[in-house]
Amino acid sequence: MSDTWTTPELDPRTYGNPVGELATYREYLTNYRLTIELKCQDLDAEQLARRSVPPSTLSLLGLVRHLAHVEQSWFRRVLQGRQDEPPLYWAPDAPDDDFDGAVPDPAVVDEAFATWKHQVAQADEWLDGLDDDHLGDTAPHRDGTVSVRDVLVHLIEEYARHAGHADLLRECIDGRTGQ
């Protein structure tokens, strides 16, 4: 097995020269989503749920669950105003369920990846209806508002940070690094 993720010709990520602000944000976000998926590839439930350094509950599976929560929170609950949807992997008595509930059970793994991919698909479907002129549109958030642009930049930052976590977690599991 190679200790890098994939060969350049098989890398699913794109590094084009997108035209426009929204297209640029979407390419970065898509590439970071694919990076998380690559870093989880070919691992079993025990490996995906393996925690980093005690007392941390950080794991690759926890990151997938967390990112499903993030996608739903920002795209559905904030930008689309669907506050009636209960947040994924969160409850007042279990605010860290995204990580705490990341247990080495194949059913938990399957559910987490299906939920994350569903949230990504819903977000992408919503983004398909936008153009650059709507990046300044705002939605209520906490005690003020947030723009679509700010949410997209925040999500890119969130995925980039967690891709770094995922790289370290994966290296500890089987030595694979890079990309």
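The buried residues of helix α1 (residues 21-40) pack against α2 (45-49), α3 (60-79), α5 (106-128) and α6, where contact means heavy atoms within 4.5 Å. Helices are DSSP runs (H or I, at least four residues), numbered from the N terminus. The model is predicted: local features need pLDDT of at least 70, side-chain atom pairs count only at pLDDT 80 or more, and totals for chains, interfaces and linings use all residues. Residues are numbered from 1 along each chain as its sequence is written, and side-chain values use heavy atoms, with hydrogens and water left out.

Buried residues of α1 (under 20% relative accessible area, 1.4 Å probe, protein chains only) include Leu22, Tyr25, Leu29, Ile36 and Cys40. Charged side chains are also on the list, among them Glu27, Arg33 and Lys39. Just after the helix, Asp42 has a positive phi of about 70°.

The axes of α1 and α6 (residues 148-174) come within 9 Å and cross at roughly 25°. That makes the two helices roughly parallel, a term for angles under 35 degrees. Axes here are lines fitted to C-alpha atoms over the stretch in contact, and angles run from 0 to 180 degrees between N-to-C directions. The crossing is left-handed, that is, the near helix is turned anticlockwise from the far one by less than a right angle. Tyr25, Leu29, Tyr32 and Ile36 are among the α1 residues in this contact, and Leu152, Ile156, Tyr159 and Ala163 are among those of α6.

A second pair is formed by α3 and α5, which pack at an angle of about 30° with their axes 9 Å apart. This pair is therefore also roughly parallel, and α3 passes α5 in a left-handed crossing.

The table gives the contacts by class, with Ala, Val, Leu, Ile, Met, Phe, Trp, Tyr, Cys and Pro as nonpolar, Asp, Glu, Lys and Arg as charged, and the others, Gly among them, as polar.

| Contact | Nonpolar | Polar | Charged |
|---|---|---|---|
| α1 with α6 | 16 residues | 2 residues | 6 residues |
| α3 with α5 | 15 residues | 4 residues | 4 residues |

Helix α5 has buried residues that pack against α1, α2, α3 and α6. Its buried residues include Val109, Phe113, Trp116, Val120 and Leu127.

Expected helix spans are 1.5 Å times one less than the number of residues. The 20 residues of α1 reach 29 Å from first C-alpha to last, close to the expected 28 Å. For α5, 23 residues should span 33 Å, and its end C-alpha atoms are 33 Å apart, which agrees.

Key
Angles under 35 degrees count as roughly parallel, over 145 as roughly antiparallel, 65 to 115 as roughly perpendicular and the rest as oblique. Buried means under 20% relative accessible area, exposed over 50%, partly exposed in between (1.4 Å probe, protein chains only).
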